[in-house]
Amino acid sequence: YQPVPIKPLALEMFYQASDANTYMDVAAGTLSALDVKGGLVADRLLHEPLYADASYHTLKGALAGQDIQTTSIALSTQTRLDEYETRAQLSYQQLRVHDYGFNPFLYTHAPATPREAYHTIGFHVSLQPVRPELHELHYRFSVYTGIYTSSQHAFEWGLRLSMPVDKQIKHDLWIQADIHLQEYVLFTDLPSTRQNFLLCWKPAATKQIGQLRIRAGLSPALGEKIYLLPDLRISYPLYNGMLTAEAGLRGEVQQNTYQQLTEQNPHLSAYSHMHQTMSTRLFGAVSGSVLPGLDYRLQLAYTLMKQMPVWQSMTYNQHELWNQFYVSYISSIKRFEIDADVRYMLSPNEEAGLTFGYHPLLGSLPAFTTWYYAASTAGLFVESHPLKKLNARADLFFHGAASREGSFPVSEAPDHLKAGLDMNLQVHYQLHPRCILSAYGYNLFNTHYMPLYQYPQTGIRVSGGCRIQFGTR
């Protein structure tokens, strides 16, 4: 479950770009921060819709090596082929970070830190019928292929094929038979390659019986193992539709490709093992609107996971200079989950929201070397449009304390990583129909909490900038 923000049009940030804008957005600030974004409508080059956009971000924290650079470039187009709307995108992304977490048992200050660099080149195409009502089946097709490389001599090739298919049999009966295929191959300087394959067929039927909606499916999947993934859901509205109760059982497989894992933790060793994670979740939820403008969703779940990945610190070995991570896997673990999402329209120009998650692990845990797990997260935001040309938003976020699990041969290792409470703020003023001034504040409480062991967050950062729109399609 991932909460879906409910965002009224009245509170849409007026600086957000669509694929029809030619614009330039530049912001600079403390900690050597620089953000540059731009978009270009280039239809004349192909005599078809063509949009180019690019972004660049750089930041240097107070610690040695605590810097990051990201770059992205994309070309997007769409056209009509016979009865199909076709969209295509060619993209490039780059991430550069340093392994600035160092072994405190060998050094009292950070030595020169190695740099990690990740590059992604991808091509994505999707096709969808222009008039789906003329076809007996509703379907669309998409394909993605790309390469992902790192400075650790790792090269991963990926292919994803997806074709969702559904059909309405009767006014109260729908069926679907989605097909998904994902293939990844990782090459390193080791003599063997690592293949990560997953083919899944998702047949299901949905039946409406009065106000009761029932969905039932069982998805066979072929990957690292043969899986059978249940998809059972029942929902029923109560109190004249003000509340909807839902319950179900759902299975999922997470591939844990090298790209997926390093996007979560860029300080990961390329020599880690890659295993797929299967989770089966039994859940119950209520959602609805108890008052005008107040929307909510609360979900309780009990999840069984097999091959759950955790980040194992490498500095348990006192000969390691820098703190990279290996991936270790818990063969079987249970988790209790509480998730809440609340949105409230205070007025036509003001909105507030709260998200909360608490996911403690249950039962005994394996005695890996150092790894940490934070069970709780929370976020609170307030967004306001007090003046016609002024928009402001504040985000308060909480990252729970992480407990150290497993054994660790050095007694100085902390039992907990402290919790973090911090705030971001952004203000935008429309100086001209084509010009918007912006100011940003990040980590305003200056809490250097560690989402990863020995990798504290940067401190306070303040920046300001301007966005200029040159034209639209």
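Let me start with what counts as an aromatic pair: rings of Phe, Tyr and Trp (its six-membered ring) pair if their centres lie within 6.5 Å, and planes under 30 degrees apart count as stacked, over 60 as edge-to-face and the rest as tilted. By that rule, a search of the whole structure turns up 7 aromatic pairs.

Two quick notes on sources. We're looking at a predicted model, where local features need pLDDT of at least 70, side-chain atom pairs count only at pLDDT 80 or more, and totals for chains, interfaces and linings use all residues. Residues are numbered from 1 along each chain as its sequence is written, and side-chain values use heavy atoms, with hydrogens and water left out.

Now, why is the pair of Y148 and Y258 edge-to-face? Their ring centres are 5.9 Å apart and their planes stand at 65 degrees, so the pair earns that label. Both tyrosines are buried, meaning under 20% relative accessible area, while exposed is over 50% and partly exposed is in between (1.4 Å probe, protein chains only). Y118 joins Y148 and Y258 in one aromatic cluster.

Please turn next to Y440 and Y442. This aromatic pair is stacked, with 6.1 Å centre to centre and 10 degrees between the planes. Y440 is buried at a relative accessible area of 14%, whereas Y442 is partly exposed at 23%.

Y442 has a charged partner too: the charged end of R461 sits over its ring, 4.1 Å from the centre. For that, NZ of Lys or CZ of Arg must be within 6 Å of the ring centre and within 35 degrees of the ring normal. Elsewhere, R213 lies over the face of W174, 5.0 Å from the ring centre. Thanks, everyone!
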